[in-house]
Amino acid sequence: MADALTAPVKLKIITTVTQQGTEPEQFELWSEGTIMKKRDQIYLRYEEVQEEQQMHTTLRFGQEDAIIIRNGDIKMRMPFVLGQAQKGHYNSEYGQLPIVTLTKEMKFEPSESLQNGRFYLQYELLIGGESVGDYALELNYTEGN
């Protein structure tokens with residue numbers, strides 16, 4: 001496979017949020033985007049719309065680490081390293097908030113084809129030193145048009 005090959009993909013992203021004392025909430029997002037492989041890392045780029053806010057999202061991941069970068073109406077940078085706390089930030093209308101991710105589980109299940117695979121991430125999110133919940137992200141991608 002050539003380095004930095006880009007191909008279209010269809011994405012199904014399921015996010016489960018569990019906050020203390022509440023039932024888990026699940027959010028499902030279907031999107032189309034592009035996938036690129038560079039060295040041992042996968043780059044997925046796609047558009048997200050949440051509550052009329054539009055974002056360009058880049059998810060870079062491999063076996064050891066991952067990062068989610070959002071640009072647009074919401075700007076965010078969330079790094080993930082298994083078993084480690086990582087510092088990131090979230091820009092809101094109130095300014096930049098420092099955030100910390102504590103990654104509990106990370107699985108990357110590629111297939112023979114670049115355009116099919118699954119990435120799973122489970123982490124605790126802390127804002128201002130306080131836990132705001134446990135998050136699970138399951139991303140399945142398949143060949144696009």
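**Close-ups of a predicted ten-strand barrel**

Among the chain's contacts between residues at least 6 apart in sequence, 36% join residues at least 24 apart. Keep in mind that this is a predicted model.

**View 1. The whole chain is strands, with 0 helices and 10 strands**. Reading along the sequence gives β-β-β-β-β-β-β-β-β-β. The C-alpha atoms take up a box of roughly 45 × 35 × 25 Å along the principal axes. The radius of gyration is 15 Å, which agrees with the value near 15 Å for a compact globule of 145 residues. As for burial, 39% of the 145 residues are buried. The accessible surface comes to about 8,600 Å², and carbon and sulfur atoms own 47% of that.

**View 2. The strands close up into a barrel of 10, with antiparallel pairing**. The order around it is β1-β2-β3-β4-β5-β6-β7-β8-β9-β10. On average, neighbouring strands of this sheet are turned by 25 degrees against each other, direction ignored. As a bit of background, strands of a sheet pair through backbone hydrogen bonds, either parallel or antiparallel.

**View 3. Zooming in on β2 and β3, we get a hairpin with 2 residues between the strands**. The two pair in the antiparallel sense over 6 bridges. One pair to pick out is Thr-34, which stands opposite Arg-45 in β3. Then look at the loop between β2 (25-38) and β3 (41-50), where Arg-39 is found. Arg-39 isn't a glycine, yet has a positive phi of about 55 degrees. Is Arg-39 buried or exposed? Arg-39 counts as exposed because its relative accessible area is 63%, and the cut-off for exposed is over 50%.

**View 4. Next along, β3 and β4 make another hairpin, with 2 residues between them**. Here 9 bridges join the two strands, which run antiparallel. Tyr-43 faces its opposite number, Arg-60, in β4. In the turn, Glu-51 has a positive phi of about 45 degrees.

**View 5. The hairpin from β4 to β5 goes through 3 residues**. Strand β4 covers residues 53-61 and strand β5 covers residues 65-72. They run antiparallel and are joined by 7 bridges. If you want a pair to centre the view on, try Thr-57, which stands opposite Arg-70 in β5.

**View 6. From β5 the chain goes on to β6 by way of a hairpin of 2 residues**. How many bridges join β5 to β6? There are 6, and the strands run antiparallel. Ile-68 has Met-78 in β6 as its bridge partner. A general note for looking at side chains in views like this: in a regular strand they alternate between the two faces of the sheet.

**View 7. Last stop is Gly-83, in the loop between β6 (75-81) and β7 (85-92)**. Gly-83 has 60% relative accessibility, so this glycine counts as exposed. To place Gly-83 in the wider chain, compare Thr-16: the two are 67 residues apart in sequence. In space, their C-alpha atoms are 19 Å apart.

Methods: Residues numbered from 1 in each chain as written. Predicted model: local features only at pLDDT ≥ 70, side-chain atom pairs only at ≥ 80, totals over all residues. Heavy atoms only, no water. Helix = DSSP H or I, 4+ residues; strand = E, 2+ residues; numbered from the N terminus. Buried < 20%, exposed > 50% of the residue type's maximum accessible area, 1.4 Å probe, protein only. Pairing = 2+ DSSP bridges. Axes fitted to C-alpha atoms, helices over the stretch in contact; angles between N-to-C directions. Rg over C-alpha atoms; globule rule 2.2 N^0.38 Å. Contact = heavy atoms within 4.5 Å. Areas by Shrake-Rupley, 256 points an atom, 1.4 Å probe, with all protein chains shown as cover.
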